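Work through three short exercises on the model shown here. Each solution goes step by step.

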Amino acid sequence: MECRHCASPLEKPGDFCLVCREENTEAIVLEAARDRATITMLAGEPDDPEARDRDTDPEGKILGETTITTTPEDGENEPIELRNFAGLIGDEIRRKRPEEVYAGGARTVIRAVREDVHHPFYRVDDEDPVAAVLERRGNRALDVVETPPSEKIGGSHSTLIGGRTGMQAIQAVAGHPHVKKVIPGPIDAGGKGSQSGMRAKVTRADDGGNVRMLLRNGSSVQENRVVTTARDREMGERIREDLNDVLTDAEFQ
């Protein structure tokens with residue numbers, strides 16, 4: 001494949017171009033099983049109108065795919081094998097330098113990959129994840145917030161239930177690229193007791209696309225307002241799904 005910007009040859013489809021310093025892959029779809037992962041590279045609109053003719057599919061969206069395999073280990077060798085598997089997947093993602101990654105499949109693998117790379121992750125569980133992501137990205141035009149998670153947290157209530165654990169849950173949500181701000185609310189200590197420890201859930205979006213994040217710790221409940229870049233309920237619901245997947249991967253659900 002050639003670079004979609006300067007036509008320089010690339011070692012692998014979708015690689016970041018080291019000649020013109022431009023990305024060719026805007027998004028990656030990761031389909032992960034415990035023993036196999038498929039990475040599909042998706043492109044945006046090329047700068048050169050003639051570049052479409054050099055792409056691998058008629059619409060110039062799918063640049064190619066890469067499959068990585070492993071032999072799952074049991075017992076004390078499993079953490080090392082899983083980390084190595086995630087590292088190989090991470091290496092392929094890093095060489096593309098995508099703006100975002102859509103991932104579906106085995107949560108253990110996805111969680112390990114998320115720890116290895118630092119790109120925005122979105123969960124996708126459709127039967128045809130590549131087609132779903134193409135449609136989703138085509139219908140989506142949400143602003144990305146570059147502010148660090150710690151700077152997105154504010155409001156008149158500074159206390160969080162669960163202490164450090166509660167803050168970890170809040171920061172997991174605040175780290176989402178379409179979250180502008182997380183505003184902690186008052187703590188209600190009159191709820192029903194629970195022995196399940198800290199739990200977190202993001203509730204249905206309102207008409208403006210904003211959501212609520214509920215923290216529960218024992219008998220205490222705290223409702224936190226999450227301001228997003230969504231402009232309507234439909235887009236807010238997509239962000240809500242992403243946030244709940246983030247909380248699930250972080251083992252808060």
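Helix axes are lines fitted to C-alpha atoms over the stretch in contact, and angles run from 0 to 180 degrees between N-to-C directions. The model is a predicted one.

**Exercise 1.** Find how the axes of helix α1 and helix α2 cross, and which residues meet.

Solution. Start with the axes. Those of α1 (residues 78-96) and α2 (residues 107-116) come within 8 Å and cross at roughly 60 degrees. Therefore α1 is oblique to α2. The crossing is right-handed. Next, list the contacts. From α1 come Leu82, Phe85, Ala86, Gly87, Ile89, Gly90, Ile93 and Arg94; they meet Thr108, Val109, Ala112, Val113 and Asp116 of α2. Sort these residues: eight are nonpolar, three polar and two charged.

**Exercise 2.** Determine how many disulfides the model has.

Solution. Apply the cut-off: two cysteine sulfur atoms must lie within 2.5 Å. Take cysteine 6. Its closest cysteine sulfur, in cysteine 20, is 3.7 Å away, so the pair is too far apart for a bond. Cysteine 17 is in no disulfide either, with the nearest cysteine sulfur, that of cysteine 20, 3.6 Å away. The count is zero disulfides. Now check accessibility. Cysteine 6 is partly exposed, at 33% relative accessible area. Cysteine 17 is buried, at 1%.

**Exercise 3.** Place threonine 67 and name the residues that it touches.

Solution. Locate the element: threonine 67 lies in strand β3, residues 62-69. Its relative accessibility is 39%, so threonine 67 counts as partly exposed. Leave out residues up to four places away in sequence; threonine 67 then touches Arg36, Ala37 and Thr38. Finally, take the C-alpha separation. Threonine 67 and arginine 36 are 31 residues apart along the chain, yet their C-alpha atoms are separated by 7.0 Å.

Notes: Residues are numbered from 1 along each chain as its sequence is written. This is a predicted model: local features need pLDDT of at least 70, side-chain atom pairs count only at pLDDT 80 or more; totals for chains, interfaces and linings use all residues. Side-chain values use heavy atoms; hydrogens and water are left out. Buried means under 20% relative accessible area, exposed over 50%, partly exposed in between (1.4 Å probe, protein chains only). Helices (H or I, at least four residues) and strands (E, at least two) are DSSP runs, numbered from the N terminus. Contact means heavy atoms within 4.5 Å. Angles under 35 degrees count as roughly parallel, over 145 as roughly antiparallel, 65 to 115 as roughly perpendicular and the rest as oblique. A crossing is left-handed if the near helix is turned anticlockwise from the far one by less than a right angle, and right-handed if clockwise. Ala, Val, Leu, Ile, Met, Phe, Trp, Tyr, Cys and Pro count as nonpolar, Asp, Glu, Lys and Arg as charged, and the others, Gly among them, as polar.
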